[in-house]
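This briefing reviews how the interior of one protein model is put together. The sequence and the structure are shown first, and the notes follow by topic.

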Amino acid sequence: MDSTVTLRAAATPALPALVLRPWCAEDIPSLIEACQDPVLRHWTSHRVDDEDEGARWLEAQRRGWTTGERFAFAVLEEGPGAQEGTLVGNAVLKEVAGGGRAAEVGYWTAAHARGKGVAPRALEVLTAWAFAAFGGDGLERLDLLHQVDNPASCRVASKSGYALDRVLPAAPPAYPRDGHLHVRHAGDRGRPGRPDS
């Protein structure tokens, strides 16, 4: 997969456009800052506290693009003159290698951008791209998983057309709590968005 893919969520009357593109070294300071948020730390397993950890995390994202197993996008607000602005989150498509029928999506939003519709807008554009890019290889379904005690992720899933499929039992230590599995199939209608490649 070409690691120069750039996706865009159009601006709304109240919100700037979003740009989704592969992570790069210039993002590390913003990544470190975002990862200091206690809420984000609660819901994610990765820790990025300094430049070295940022570089290792970035290398893992690059490896994912190279192997075709994980496609992580930095989500940025578009600044004046269509320039990239502030980092507001991450959106990722994973477990898509091998032409399988299902893959998984994930996301997080930086603390300063929560409640501004970033996650649903980014997820919708990522979803459209995933089905367009991998549907010909057999991709039919995208899964979104989160712990049952994360109502914000439930709202994002619902806004993005991911229907609650079932409750998954806890599987400690990796999954200490029950989880929700939300599903979106190719052809399901979500929010309007458009991928630009």
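The points below concern nonpolar cores, aromatic pairs and two helices. The model is predicted. Its largest nonpolar core has 33 residues, and the largest share of that core, 10 residues, comes from helix 4.

**Nonpolar cores**
- Within the largest core of 33 residues, those with the most contacts are Phe73, Leu93, Trp129 and Leu142.
- At least two residues of this core come from each of strand 1 (7–9), strand 2 (18–22), strand 3 (70–78), strand 4 (84–94), strand 5, helix 4, strand 6 and helix 5.
- A second core, separate from this one, has 17 residues, among them Ile28, Val48, Val92 and Ala110.
- Leaving aside residues up to four places away in sequence, Leu142 touches Leu93, Ala103, Val105, Thr127, Ala130, Phe131, Tyr162, His182, Val183 and Arg184.

**Aromatic pairs**
- The structure holds 9 aromatic pairs.
- One of them joins Trp65 and Phe73 edge-to-face, at 5.2 Å centre to centre and with 80° between the planes.
- Trp65 counts as buried because its relative accessibility is 4%, under the 20% cut-off; Phe73 is also buried, with a relative accessible area of 0%.
- The ring centres of Phe73 and Trp129 are 5.3 Å apart and their planes stand at 80°, so this pair is edge-to-face.
- Because Phe73 lies in strand 3 and Trp129 in helix 4, the pair ties together parts that are 56 residues apart in sequence.
- Trp129 is buried, as is Phe73.
- One aromatic cluster is formed by Trp65, Phe71, Phe73, Trp129 and Phe134.

**Helix 4**
- Of the 17 residues in helix 4, 14 are buried, and the helix is mostly covered.
- At 1.5 Å a residue, helix 4 should span 24 Å, which agrees with its end C-alpha atoms being 24 Å apart.

**Helix 5**
- The buried residues of helix 5 (residues 151–159) include Ser153, Val156 and Ala157.
- These residues lie on the same side of helix 5, because they cover an arc of only 100° around the axis.
- Arg155 and Ser158 are exposed on the face of helix 5 turned away from its buried side.
- The cover over the buried residues of helix 5 includes strand 5 (102–109), helix 4 (118–134), strand 6 (141–147) and strand 8 (179–185).
- Gly161, just after helix 5, takes a positive phi of about 80°.

Technical notes
Residues numbered from 1 in each chain as written. Predicted model: local features only at pLDDT ≥ 70, side-chain atom pairs only at ≥ 80, totals over all residues. Heavy atoms only, no water. Buried < 20%, exposed > 50% of the residue type's maximum accessible area, 1.4 Å probe, protein only. Helix = DSSP H or I, 4+ residues; strand = E, 2+ residues; numbered from the N terminus. Arc of directions from axis to C-beta. Contact = heavy atoms within 4.5 Å. Expected span 1.5 Å × (residues − 1). Core = buried A, V, L, I, M, F, W, Y, C linked by side-chain atoms within 4.5 Å. Phe/Tyr/Trp six-rings, centres within 6.5 Å; stacked < 30°, edge-to-face > 60°.
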